[in-house]
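Trainee: I keep running into labels for parts of a structure, and I'd like to know where they come from. Can we go through some together?

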Amino acid sequence: MSSVEIKYSRTDRLYRPGEVVSGQVVISAKGGFSHNGVTLDIDGGVQLQLSAKNVGLFEAFASAAKPITLIRRTFELAKPGKVPDGITEIPFEFPLEPIEGFQLYETYHGVFVNIQYAATVEVARSLLAKNLQKTLEFIVELPGESARVKEEPVPFTITPEALENVKSRQSVPKFKITGKLNSALCSITRPMSGEVVVEECDAPIHSIELQLVRVETCGSSEGYA
């Protein structure tokens, strides 16, 4: 059975704007076959995505917001011809540049917002044979700020009185937990750090868990959601 794959020159598939994205299209052909050309499509953009739980302002905002295309290019890797039996490797490369008037944003896969870049190769075949196609994402990373953001510790205190959505506070043991985040502004490439101090607790402690909650904010002329 014949197949096609995309292999980037970098194993992490991570590139920055202005760099050259390169790699190979690998076609595996059992017995060889004729084709009507091999093309490589590069697409990238920003898209809002709804789920069944989204209602109200965000739903109205997302329905009015159209996907934003940041990069779109097509390359002809091979003219119509024949692929020989075995493995055929076709090299490709292209500069990572946005459409004129736009800029590239970092790859992001969120709950409601999705920023994605990918290459799609297609080997066109005759009407009697299905086209071979493969899509593989590559990651866009923006260079960091030259000036380091000043880190300011954020202290916190947790007591029974500070808890929300508690039906009966009488069932909550007396406790006091203090601590701090070393900074509320964190680089995605650096670890988040801080400390937690249990100053008092009337009940035995079996475990302490730290949960990170991602919050996405989308703004428009209609407001924020």
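Trainee: Which residue in β8 does Q24 stand opposite?

Mentor: Q24 stands opposite P91 there. Keep in mind that we're looking at a predicted model.

Trainee: What makes β3 and β8 count as paired strands?

Mentor: Pairing takes at least two bridges between the strands. Strand β3, residues 20-29, is joined to β8 by 10 bridges, so they count as paired. They run antiparallel.

Trainee: And why are β1 and β8 said to stand at the edges?

Mentor: Look at the order first: the open sheet has 3 strands, β1-β3-β8, with antiparallel pairing. β1 (3-8) and β8 each have a single partner strand, so one side of each has no neighbour in the sheet. From one strand to the next, the twist averages 20°.

Trainee: Okay, T107 now. Why does T107 count as buried?

Mentor: Its relative accessibility is 18%. The cut-off for buried is under 20%, so T107 makes it. You'll find T107 in the loop between β8 (86-95) and β9 (108-109).

Trainee: What does T107 touch, leaving out residues up to four places away in sequence?

Mentor: On that count, T107 touches I115, Y117, E137, F138, I139 and V140.

Trainee: How do you know that the T107 side chain and V140 make a polar contact?

Mentor: A polar atom of the T107 side chain lies 2.9 Å from the backbone nitrogen of V140. The limit is 3.5 Å, so that distance fits.

Trainee: Why is G81 called partly exposed rather than buried?

Mentor: G81 has a relative accessible area of 32%. Buried needs under 20% and exposed needs over 50%, so G81 falls in between. G81 lies in strand β7, residues 81-83. G81 and N36 are 45 residues apart in sequence, but their C-alpha atoms are 6.5 Å apart in space.

Trainee: What makes the F92 and F94 pair stacked?

Mentor: A search of the whole structure turns up 7 aromatic pairs. In the F92 and F94 pair, the planes are 15° apart and the centres 6.5 Å apart. Stacked means planes under 30 degrees apart, so the label fits. Both of these residues are buried, and ring pairs link them into a cluster with Y8, Y15, F75, Y117 and F138.

Trainee: Last one: how far is the charged end of R125 from the centre of the F33 ring?

Mentor: The charged end of R125 is 4.3 Å from that centre, and it sits over the ring.

Technical notes. Residues are numbered from 1 along each chain as its sequence is written. This is a predicted model: local features need pLDDT of at least 70, side-chain atom pairs count only at pLDDT 80 or more; totals for chains, interfaces and linings use all residues. Side-chain values use heavy atoms; hydrogens and water are left out. Helices (H or I, at least four residues) and strands (E, at least two) are DSSP runs, numbered from the N terminus. Buried means under 20% relative accessible area, exposed over 50%, partly exposed in between (1.4 Å probe, protein chains only). A polar contact is a pair of N or O atoms within 3.5 Å; within protein, one must be able to donate a hydrogen and the other to accept it, and residues adjacent in sequence count only if both atoms are side-chain atoms. Contact means heavy atoms within 4.5 Å. Axes are lines fitted to C-alpha atoms, for helices over the stretch in contact, and angles run from 0 to 180 degrees between N-to-C directions. Rings of Phe, Tyr and Trp (its six-membered ring) pair if their centres lie within 6.5 Å; planes under 30 degrees apart count as stacked, over 60 as edge-to-face and the rest as tilted. A charge sits over a ring if NZ of Lys or CZ of Arg is within 6 Å of the ring centre and within 35 degrees of the ring normal.
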